[in-house]
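This report concerns the fold of one protein chain, from its overall packing to a single pair of strands. The sequence and structure follow.

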Amino acid sequence: MQLIDIGANLTHESFHHDFDAVLQRAKDHGVAQLVVTGASRDGSTHAYALAQSHPGLLYATAGVHPHHAIEYDDATDTLLRELAMHPEVRAVGETGLDYNRNYSPRDVQLAVFERQLQIAVDVQKPLFLHQRDAHHDFVALLRRYRDKVPGAVVHCFTDTGEAMRDYLELDCHIGITGWICDERRGMHLRELVKDIPANRLMIETDSPYLLPRTVRPQPSHRRNEPMYLRHICNEIARDRDEPVEETAAHSTATARAFFGLSPA
């Protein structure tokens, strides 16, 4: 059983001291390939470097998360365009809107999101998207560009059934994380995940964030890592009432098709 983690923040400082061990544990738990998330100017450069250093195992995205939109300038736009041209970089993002924290003003988030949408159009690579508490503005802007890009995945989906249906109608993919394991705020996903077509469902850890709360024993450090992707896959399979091997096979095939990955 092979799995693909489509969203791992492996550039995070918490992985610096045991990076190789993290990758080995992931492999030992069936994770065959990983996409390293680029969420800032420096983070995207680092994600690309990691992918360069681990050909066939790691790939990258390049983008600026809405939290960092206030930092976006012309130099950043030029850098992202350069990174997006490299074969190791398989998607533009993480980009989108976040009205939950509003670390960047909303008008700035919208402008920066649109600039990255245009990058995806120009380089013809799929979008790796973030949306929280901003669905109306997010889907309105995405709708204007969706038919101009080869694909789009709303990563770490945590929203409503209405939002999910809007994304599926736009032919988007849906990324599910360990949020589904959170009995306090993720229980609705256990129902919604049943309605995601197999060829639109991908799975991810969003490491080091969102450690699945149903993992036993819980690690004392509370850091999530790609090895727990198998646990997430097991939970999704149970909710979809299908064998875990089927969930794994479909999500892996879908991720390889979306990101253009050859088997490792």
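Among contacts (heavy atoms within 4.5 Å) in the protein chain between residues at least 6 apart in sequence, 75% join residues at least 24 apart. The model is predicted: local features need pLDDT of at least 70, side-chain atom pairs count only at pLDDT 80 or more, and totals for chains, interfaces and linings use all residues. Residues are numbered from 1 along each chain as its sequence is written, and side-chain values use heavy atoms, with hydrogens and water left out.

The overall values of the protein chain are as follows.

| Property | Value |
|---|---|
| Box of the C-alpha atoms along the principal axes | roughly 45 × 40 × 35 Å |
| Exposed area (Shrake-Rupley, 1.4 Å probe) | about 10,900 Å² |
| Share of that area from carbon and sulfur atoms | 49% |

The radius of gyration, taken over C-alpha atoms, is 17 Å, which agrees with the value near 18 Å for a compact globule of 264 residues; the globule rule is 2.2 Å times the number of residues to the power 0.38. Of these 264 residues, 59% are buried, meaning under 20% relative accessible area with a 1.4 Å probe, protein chains only.

The secondary structure comprises 9 helices and 8 strands, which are DSSP runs of at least four residues (H or I) and at least two (E), respectively, numbered from the N terminus. Strand β6 (residues 152-154) pairs with β7 in the parallel sense over 2 bridges; pairing requires that DSSP find at least two bridges. Val 154 has Ile 174 of β7 as its bridge partner. In β7 (residues 173-176), Ile 174 and Ile 176 point one way, His 173 and Gly 175 the other way, and all are buried. In a regular strand, side chains alternate between the two faces of the sheet.

How values were computed: Buried means under 20% relative accessible area, exposed over 50%, partly exposed in between (1.4 Å probe, protein chains only).
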